[in-house]
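Me: I am new to this structure. Please pick one part, look at it closely, and follow where it leads.

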Amino acid sequence: MIIAIDGPAGSGKSTIAKLIAEDLELVYLDTGAMYRLVTLKALNDGILGNLDKIIKMLDNLNIDIKENGFYLDDIDVSEEIRKPVVSENVSDIAAIREVREKMVDLQRKFSESKNVILDGRDIGTVVFPNADVKIFLVADAKERANRRYKELVAKGENVRIEEIYENILKRDEIDSTRKESPLKKADNAIEVDTTSKNIEEVKNEILNIINYLNT
């Protein structure tokens, strides 16, 4: 079984996908984190904005996901990839065709012969257009900004909610208008609005959809 969950930044994709994976005993792949790993690598190498060097970097890219940890060059960077500086630049990195091709290839290889749930921007449209279940999560931008703000404050980050809100609007614009695999709802995806709903409500709604589609 392949379950695809797509949606904009902060809509709750990763949180919900992890819970669904636990409930249904599926393998979970956070594809957004993969793009964050590439972004962090570009930042660390000081090549952000240099397209040629970013493309060349992909040849020797060393990233891994194991036991819910995210590794870059064999170092656990699970916390680093969630920092605001990565969030501010990940949409630009994800818009690069060569980066997307590399990540899509890795995502497909990872998912071979597995029951898997993936979340991202183009899982149901590009990575797995024949996924068994396609969900498209949405939420009001202010609600998404508030969620991200609380998440970062809980981790001790010094952030302003206004900046997070502006960053989310910027990412929405980049993700939905980019030439390569833009964020959009697959024709046969079921939309779920998470605004004003708690995690348990959203999880149960999606579980009901999965059960319905597989009966």
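Reply: Start with R144, a buried residue with a relative accessible area of 4%. Keep in mind that the model is predicted. What does the side chain of R144 meet in a salt bridge? The partner is D172, with 2.7 Å from N to O. D172 lies in helix α8 and R144 in helix α7, so this pair ties together parts that are 28 residues apart in sequence. D172 is buried too, because its relative accessible area of 16% falls under the 20% cut-off. So both ends of this bridge are buried, R144 at 4% and D172 at 16%.

Stay in helix α7 for a second pair. R147 forms a salt bridge with E143. Here the closest N and O atoms are 3.4 Å apart. How far apart do R147 and E143 sit in helix α7? They are 4 residues apart, which means a separation of about one helical turn. This pair stays within one helix, whereas D172 and R144 come from helices α8 and α7. Are R147 and E143 buried, or partly exposed? R147 is partly exposed, at 24% relative accessible area. E143 is partly exposed as well, at 25%. Both values put the residues between buried, under 20%, and exposed, over 50%.

Now move along the chain to R160. Its salt bridge partner is E163, and the closest N and O atoms are 3.2 Å apart. E163 falls in helix α8, which runs over 161–177. R160 counts as partly exposed at 45% relative accessibility. E163 also counts as partly exposed, at 49%. Elsewhere, D23, E200 and K203 are joined into one network by salt bridges that share partners. D23 belongs to α1 (13–24), while E200 and K203 belong to α9 (199–213). The count of salt bridges comes to 20.

The same helices lead to a pocket. The largest pocket has a volume of about 880 Å³. Which residues are closest to its centre? They are G12, S14, T15, R148 and E151, out of 43 that line the pocket. R148 and E151 fall in helix α7 (141–154). S14 and T15 fall in helix α1 (13–24). Helices α7 and α8 each give two or more residues to this lining. Other elements that do so include α1, α2 (31–45), α4 (84–94), α5 (97–111), strand β6 (116–120) and α9. What kinds of residue make up the lining? It divides into 10 nonpolar, 14 polar and 19 charged residues.

Take one helix from that list, α2. L40 is found there. L40 counts as buried, because its relative accessibility is 8% and the cut-off is under 20%. From L40 you can look across to I164 in space. The two are 124 residues apart in sequence and 19 Å apart, C-alpha to C-alpha. I164 falls in α8 (161–177), the helix that holds D172.

Another buried leucine sits in a loop. L58 lies between α3 (51–57) and β3 (63–66). Its relative accessibility is 5%, so L58 counts as buried. L58 and E80 are 22 residues apart in sequence. In space their C-alpha atoms are 20 Å apart.

Next, the surface. I190, Y212 and L213 form a nonpolar patch there. Together they have about 310 Å² of accessible area. I190 lies in strand β8 (residues 190–193) and is partly exposed, at 31% relative accessible area. Y212 and L213 fall in α9 (199–213).

Two loops finish the tour. Most residues other than glycine have a negative phi. E25 has a positive one, near 55 degrees, and is not a glycine. It is found in the loop between α1 and β2 (27–30). E25 is exposed, with a relative accessible area of 73%. D74 also has a positive phi, about 70 degrees, although it is not a glycine. The loop between β4 (69–72) and β5 (75–76) holds D74. At 63% relative accessibility, D74 counts as exposed. So E25 at 73% and D74 at 63% are both over the 50% cut-off.

Technical notes: Residues are numbered from 1 along each chain as its sequence is written. This is a predicted model: local features need pLDDT of at least 70, side-chain atom pairs count only at pLDDT 80 or more; totals for chains, interfaces and linings use all residues. Side-chain values use heavy atoms; hydrogens and water are left out. On a 1 Å grid over the protein atoms alone, a cavity is a set of points where a 1.4 Å probe fits but cannot get out, and a pocket is an open set with protein on both sides within 12 Å along at least five of seven lines; lining residues have an atom within 4 Å of a point. Grid points are joined across faces, edges and corners, and a volume is the space filled by probe spheres set on the points. Ala, Val, Leu, Ile, Met, Phe, Trp, Tyr, Cys and Pro count as nonpolar, Asp, Glu, Lys and Arg as charged, and the others, Gly among them, as polar. Patches are made of residues with over 30% relative accessible area and no salt bridge: like charges are joined within 9 Å, nonpolar side chains (Val, Leu, Ile, Met, Phe, Trp, Tyr) within 5 Å. Accessible areas come from the Shrake-Rupley method with a 1.4 Å probe; for residues, only the protein chains shown count as cover. A salt bridge is a side-chain nitrogen of Lys or Arg within 4 Å of a carboxyl oxygen of Asp or Glu. Buried means under 20% relative accessible area, exposed over 50%, partly exposed in between (1.4 Å probe, protein chains only).
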